[in-house]
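Trainee: Could you walk me through this one before I set anything up? I'd like to start with the ligand and then move on to the rings.

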Amino acid sequence: MSENLDLAAVIQKLRSARQVVALTGSGISAESGIPTFRGAEGLWRTYRAQDLATPEAFARSPKLVWEWYDWRRGLMAAKNPHAGHRVLAAWENRFSRFTLITQNIDGMHRRAGSKNILELHGNIWRMRCTQEGTVTENMDTPLSPIPPLCPDCGALMRPHVVWFGEPLDREVIHRASLLSAQCDLMLVVGTSAVVQPAASLPLSALDAGAPVVEINPEATPLTPYADFSLRGKAGDILPQIDSALFRVPRENGS
Ligand code: OAD
């Protein structure tokens with residue numbers, strides 16, 4: 001009952017919101033079949049981040065790191081965005097200002113049609129020259145050769161993602177922080193809210209007086225601070241909110 005009340009209250013808040021930010025994490029792609037990091041079958045249960053997702057790991061064995069990313073790329077390419085991703089894409093044209101901030105590197109939001117995205121941790125479909133810093137898009141699955149080399153200078157390419165121990169792109173985190181502090185409402189979808197600096201963005205929204213709505217089947221460290229916790233799957237809840245807000249009522253046919 002109280003969950004229904006929360007849902008109704010969130011819908012009400014969204015009706016009057018002009019600047020909306022959604023912060024997403026790997027949980028939004030779980031229903032597409034892409035593993036999360038910390039759940040029961042999360043990637044960090046099977047793999048050690050320090051062996052695969054750090055600059056040191058890459059320096060030790062670029063081949064091993066690229067093989068892991070190549071495996072993940074293959075897995076992601078075989079999956080599709082779901083209704084939750086599509087709703088967030090459609091909302092770009094529904095609110096005066098809607099920004100998607102994602103920690104995900106899977107590219108699912110783009111595939112669903114989102115354009116206004118801040119990708120905090122980069123994108124697995126891009127690679128960067130370790131010498132010149134040039135970023136190129138590459139959708140090949142599987143990759144060949146592994147590790148890939150820069151077509152211009154022949155140096156090693158690396159995944160254009162943020163690894164543990166690396167800073168985020170300054171411009172991207174700056175814009176994400178500003179938008180979080182300026183929004184009228186923030187949705188936090190499918191993240192365990194433990195990885196910084198992403199985890200502090202909802203706190204900026206709260207500090208600025210904006211309600212924070214968490215959509216997650218599980219409680220997180222953010223839950224006690226969130227104004228509303230909608231316990232459920234992104235692929236169920238986002239379409240429910242969308243149809244309550246934007247569904248065109250059908251005329252009664254007869
Ligand atoms: P986590 O794996 O830490 O958390 C996933 C969250 O999604 C959990 O809170 C789940 O309860 C929730 N979840 C699962 N299924 C869901 C569903 N259907 N709908 C909504 N929520 C669902 O993933 P992130 O928070 O994204 O960083 O992890 C943050 C960062 O840690 C990642 O970007 C990655 C990782 O290490 C880097 O690689 C730099």
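Mentor: A residue counts as near a molecule if one of its heavy atoms lies within 4 Å of it. Please keep in mind as we go that this is a predicted model.

Trainee: OK, so which residues come nearest to the ligand?

Mentor: There are 23 residues around the ligand, and of these S26, F37, R38, T191 and S192 come nearest.

Trainee: And how far is the polar side-chain atom of S192 from an oxygen atom of the ligand?

Mentor: That distance is 2.5 Å for S192, while S26 also offers a polar side-chain atom, which lies 2.7 Å from a ligand oxygen atom. Q103 takes part through its backbone instead, with a polar atom there placed 3.2 Å from an oxygen atom of the ligand.

Trainee: How much of the ligand's accessible area does the protein cover?

Mentor: On its own the ligand has 800 Å² of accessible area, and the protein covers 89% of that.

Trainee: What's the shell made of, by class?

Mentor: The shell around the ligand holds ten polar, nine nonpolar and four charged residues. As for where they come from, domain 1 (1-33 + 81-121 + 168-248) and domain 2 (35-78 + 124-161) each supply at least three residues to that shell.

Trainee: Switching to the rings now, how many aromatic pairs are there?

Mentor: The count comes to twelve aromatic pairs. One of them joins W68 and Y69 in an edge-to-face arrangement, with 5.2 Å from centre to centre and 80° between the planes.

Trainee: Are W68 and Y69 buried or exposed, and why?

Mentor: W68 is classed as buried because its relative accessible area is 5%, under the 20% cut-off, and Y69 is buried as well, since its value is 3%.

Trainee: Which residues do the ring pairs link into a cluster?

Mentor: The cluster consists of F37, W44, Y47, F58, W68, Y69, W71, W163 and F164, linked by ring pairs; F37 is also among the residues that come nearest to the ligand.

Trainee: Last thing, what lies over the face of W68?

Mentor: R72 does, at 4.6 Å from the ring centre of W68, and the charged end of R158 is likewise placed over the ring of W163, at 3.9 Å from its centre.

Conventions. Residues numbered from 1 in each chain as written. Predicted model: local features only at pLDDT ≥ 70, side-chain atom pairs only at ≥ 80, totals over all residues. Heavy atoms only, no water. Polar contact = N/O pair within 3.5 Å; in protein donor to acceptor, adjacent residues only side chain to side chain. Areas by Shrake-Rupley, 256 points an atom, 1.4 Å probe, with all protein chains shown as cover. Nonpolar A, V, L, I, M, F, W, Y, C, P; charged D, E, K, R; others polar. Domains from an automatic or database assignment. Phe/Tyr/Trp six-rings, centres within 6.5 Å; stacked < 30°, edge-to-face > 60°. Buried < 20%, exposed > 50% of the residue type's maximum accessible area, 1.4 Å probe, protein only. Lys NZ or Arg CZ within 6 Å of the ring centre and 35° of its normal.
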